[in-house]
Amino acid sequence: MIVEGAADSPVYLEISEAGATIHPADDVWGLDTYQAEAALVARHREQWPRAQACVIGPAGEKLVRFACVENNKWHSLGRGGSGAAMARRS
């Protein structure tokens, strides 16, 4: 999957068997990674019982060059500032 462009406000991408959908993420912006992951998984758990989430935290939101992407609470994609790349708005 290739995602191009940038959103004007915080969003997240839901990828499922039904396709891909972009949703507003204003309510999880500013949360730490544990809180953001729990909120997103809870939001989709009823429809998708095995739902998981890859999230960024405040470091990614602030475009820190070494920000990580986190998932399943303890797993990190931590090289190259991928968390900042996910938050980039322009």
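Is Ala6 buried, partly exposed or exposed, and what is its relative accessible area?

## Ala6 and the start of the chain

In this predicted model, Ala6 is partly exposed, with a relative accessible area of 46%. Ala6 belongs to the segment that precedes strand 1, and its C-alpha atom lies 7.1 Å from that of Arg88, although 82 residues of sequence separate Ala6 from Arg88.

## Confidence of the prediction

The mean pLDDT of the protein chain is 90, and 98% of the residues reach a score of at least 70. Among the elements of the chain, the highest mean pLDDT, 95, belongs to helix 1 (residues 33–45), whereas the lowest, 85, belongs to helix 3 (residues 82–87). As a general caution, predicted coordinates should not be read in detail where pLDDT is low.

## The salt bridge

The structure contains one salt bridge, which is formed by the side chains of Asp27 and Arg43, with an N to O distance of 2.2 Å. This pair links distant parts of the chain, 16 residues apart, with Asp27 in the loop between strand 2 (19–24) and helix 1, and Arg43 in helix 1 itself. In general, side chains of opposite charge can pair when their charged atoms come close.

Asp27 has a relative accessibility of 48% and therefore counts as partly exposed, and Arg43, at 35% relative accessibility, also counts as partly exposed.

## A buried glutamate

Glu61 is located in helix 2 (residues 58–61). The residue is buried and yet takes part in no salt bridge, for the nearest side chain of opposite charge, that of Lys62, is 5.7 Å away, and a salt bridge would require the side-chain nitrogen to be within 4 Å of a carboxyl oxygen. The side chain of Glu61 does, however, place a polar atom 2.9 Å from the backbone nitrogen of Gly30.

## The nonpolar surface patch

Met1, Val3, Val11, Leu13, Ile15 and Ile22 together make a nonpolar surface patch of about 630 Å². The most is given by strand 1 (residues 11–16), which provides three residues of the patch.

Leu13, one of the residues of the patch, is situated in strand 1. With a relative accessible area of 37%, Leu13 is partly exposed, and this value satisfies the requirement that patch residues have over 30% relative accessible area.

## Residues with positive phi

Most residues other than glycine have a negative phi. Leu63, which is not a glycine, nevertheless has a positive phi of about 60 degrees; this residue is placed in the loop between helix 2 and strand 4 (69–71), and its relative accessibility of 31% makes Leu63 count as partly exposed.

A positive phi is also found at Asn72, a residue other than glycine, where the value is near 50 degrees. Asn72 sits in the loop that runs between strand 4 and strand 5, and with a relative accessible area of 30% Asn72 is partly exposed.

## His75 and Cys54

His75 has its place in strand 5 (residues 75–77), where its relative accessible area of 46% makes His75 partly exposed. Along the chain, His75 and Cys54 are 21 residues apart, and in space their C-alpha atoms are separated by 9.4 Å.

Terms used: Residues numbered from 1 in each chain as written. Predicted model: local features only at pLDDT ≥ 70, side-chain atom pairs only at ≥ 80, totals over all residues. Heavy atoms only, no water. pLDDT = per-residue confidence, 0-100. Helix = DSSP H or I, 4+ residues; strand = E, 2+ residues; numbered from the N terminus. Buried < 20%, exposed > 50% of the residue type's maximum accessible area, 1.4 Å probe, protein only. Lys, Arg positive; Asp, Glu negative; His and termini not counted. Polar contact = N/O pair within 3.5 Å; in protein donor to acceptor, adjacent residues only side chain to side chain. Patch = residues over 30% accessible without salt bridge, like charges linked within 9 Å, V, L, I, M, F, W, Y side chains within 5 Å. Areas by Shrake-Rupley, 256 points an atom, 1.4 Å probe, with all protein chains shown as cover.
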